[in-house]
Amino acid sequence: LEKAIEDDQLFLVYQPFLNLLENRVTGFEALLRWRHPERGLVPPDEFIGIAEESGLIHSIGERVLRSACAMLSQWPNDIRVAVNISAVQFQNVTLLSHVTKALTDAGVSPGRLEIEMTESTSIAKYVSTESVVKALAELGVTISLDDFGTGFSSLTYLRKLPFERVKIDQSFVREMLMNSDCEAIVKSVIGLARDMGMDVVAEGVESRDQLDFLIQAKCKEAQGYFIGRPMTGDQATALLAGARGGKVWAAA
Ligand code: C2E
Ligand code: MG
Ligand code: MG
């Protein structure tokens with residue numbers, strides 16, 4: 001992995017967020033990939049853990065922030081980029097300087113950068129991450145809670161940390177049309193987010209029926225293979241420049 005960083009084998013792909021009220025692409029989530037010379041394309045689940053244990057996650061994270069912000073500088077001002085940050089990264093104050101430097105070098109305003117923190121890990125380490133998360137929020141960066149529902153789903157932390165957006169985990173979205181418990185969870189999280197003044201994104205939307213359900217349920221944004229697979233930065237740029245200004249999906 002160390003050599004992969006040196007040899008520039010890590011790169012980002014971008015998956016769009018679709019605003020369901022405006023039927024418009026509002027931004028992209030940056031997702032890490034490793035193009036291994038022998039093993040081919042390696043997904044992040046297979047190497048992020050190793051990066052966290054070895055400490056390499058800090059230099060990887062710095063590169064991720066730098067390239068995501070550089071990409072963002074080429075997109076219109078109303079477009080955002082979301083970057084995934086591990087719990088381990090929140091425990092190191094250099095994260096703050098990496099974020100500030102990436103934003104300054106790219107010349108983009110902090111409000112266009114979103115930091116996704118995964119619920120399952122981050123909340124457990126809440127005490128040590130709180131000050132860093134708050135400092136990031138003070139910089140003007142948006143903080144979102146990823147994979148909501150898979151960890152402790154602690155409503156106390158939802159209230160104490162400055163989250164502006166909650167992402168409903170794809171496991172609930174996948175089953176919401178077949179399983180009434182999942183349907184109830186999805187609807188409740190949408191309502192909870194709305195009443196707490198937070199935005200909400202449904203992850204893992206794979207069908208027209210799921211998208212229609214979310215529109216009915218007044219979910220603000222959606223993400224998933226049905227809307228767009230993770231794509232190269234150039235493809236994302238082309239999507240935004242498309243004739244319909246990113247309005248690629250008919251609302252009905
Ligand atoms: P995540 O942040 O929850 O990202 C969503 C994952 O679901 C992505 O997998 C994405 O490709 C996949 N996905 C999106 N839409 C669909 C869909 O409709 N159906 C299905 N089945 N899957 C969908 P990916 O890219 O393999 O990333 C896995 C996880 O690795 C991410 O979960 C995130 O936690 C982590 N990760 C990715 N990039 C980074 C990074 O730069 N830094 C850190 N620390 N973690 C990262
Ligand atoms: Mg994410
Ligand atoms: Mg997620």
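How do the residues of the shell around ligand 1 divide into nonpolar, polar and charged? There are eight nonpolar, seven polar and eight charged residues in that shell. Keep in mind as you look around that this is a predicted model.

## The surroundings of ligand 1

Let us start with the pocket. The space that ligand 1 takes up is the largest pocket. Two elements give two or more residues each to the shell around the ligand, namely β2 (24-36) and β6 (142-148). Strand β2 provides the largest share, with four residues.

In total, 23 residues surround ligand 1. If you would like to find the closest ones in the structure, look for R33, S86, D146, E206 and Y225.

## Polar contacts of ligand 1

Some of these neighbours can be followed atom by atom. In S86, a polar side-chain atom lies 2.8 Å from a nitrogen atom of ligand 1. Y225 uses its backbone instead: one of its backbone N or O atoms lies 2.8 Å from an oxygen atom of the ligand. The side chain of E203 also takes part, with an N or O atom 3.3 Å from an oxygen atom of ligand 1.

How much of ligand 1 does the protein bury? Taken alone, the ligand exposes 800 Å², and the protein buries 85% of that.

## The magnesium ion called ligand 2

Next come the metals. The magnesium ion that is ligand 2 is coordinated by E29 (OE), N84 (OD1), E116 (OE) and D146 (OD), at 2.0 to 2.2 Å. Along the chain, these donors follow the spacing E-x54-N-x31-E-x29-D.

Distant parts of the chain are linked here by the pair E116 and D146. E116 is in strand β5 (residues 113-118) and D146 in strand β6, 30 residues apart.

## The magnesium ion called ligand 3

For the magnesium ion that is ligand 3, the protein donors are D146 (OD), D147 (OD) and E203 (OE), with E203 (OE) listed twice, and they lie 2.1 to 2.6 Å from the ion. The donor residues are spaced D-D-x55-E in sequence.

Again a pair links distant parts of the chain: D147 sits in strand β6, while E203 belongs to the loop between β8 (199-202) and α11 (208-216), 56 residues away. You have met E203 before, as its side chain also has an N or O atom 3.3 Å from an oxygen atom of ligand 1.

## Where the sites meet

Which residue bridges the two magnesium ions, ligand 2 and ligand 3? It is D146, and the ions lie 4.1 Å apart. D146 is also among the closest residues to ligand 1.

Note on methods
Residues numbered from 1 in each chain as written. Chains lettered and ligands numbered in written order. Predicted model: local features only at pLDDT ≥ 70, side-chain atom pairs only at ≥ 80, totals over all residues. Heavy atoms only, no water. Near = heavy atom within 4 Å. Polar contact = N/O pair within 3.5 Å; in protein donor to acceptor, adjacent residues only side chain to side chain. Areas by Shrake-Rupley, 256 points an atom, 1.4 Å probe, with all protein chains shown as cover. 1 Å grid on protein atoms, 1.4 Å probe; cavity = no way out; pocket = protein on both sides within 12 Å on 5 of 7 lines; lining within 4 Å. Sits in = over half its atoms within 2 Å of the grid points. Nonpolar A, V, L, I, M, F, W, Y, C, P; charged D, E, K, R; others polar. Donors = N, O, S within 2.8 Å, 3.2 Å for Na, K, Ca; no water.
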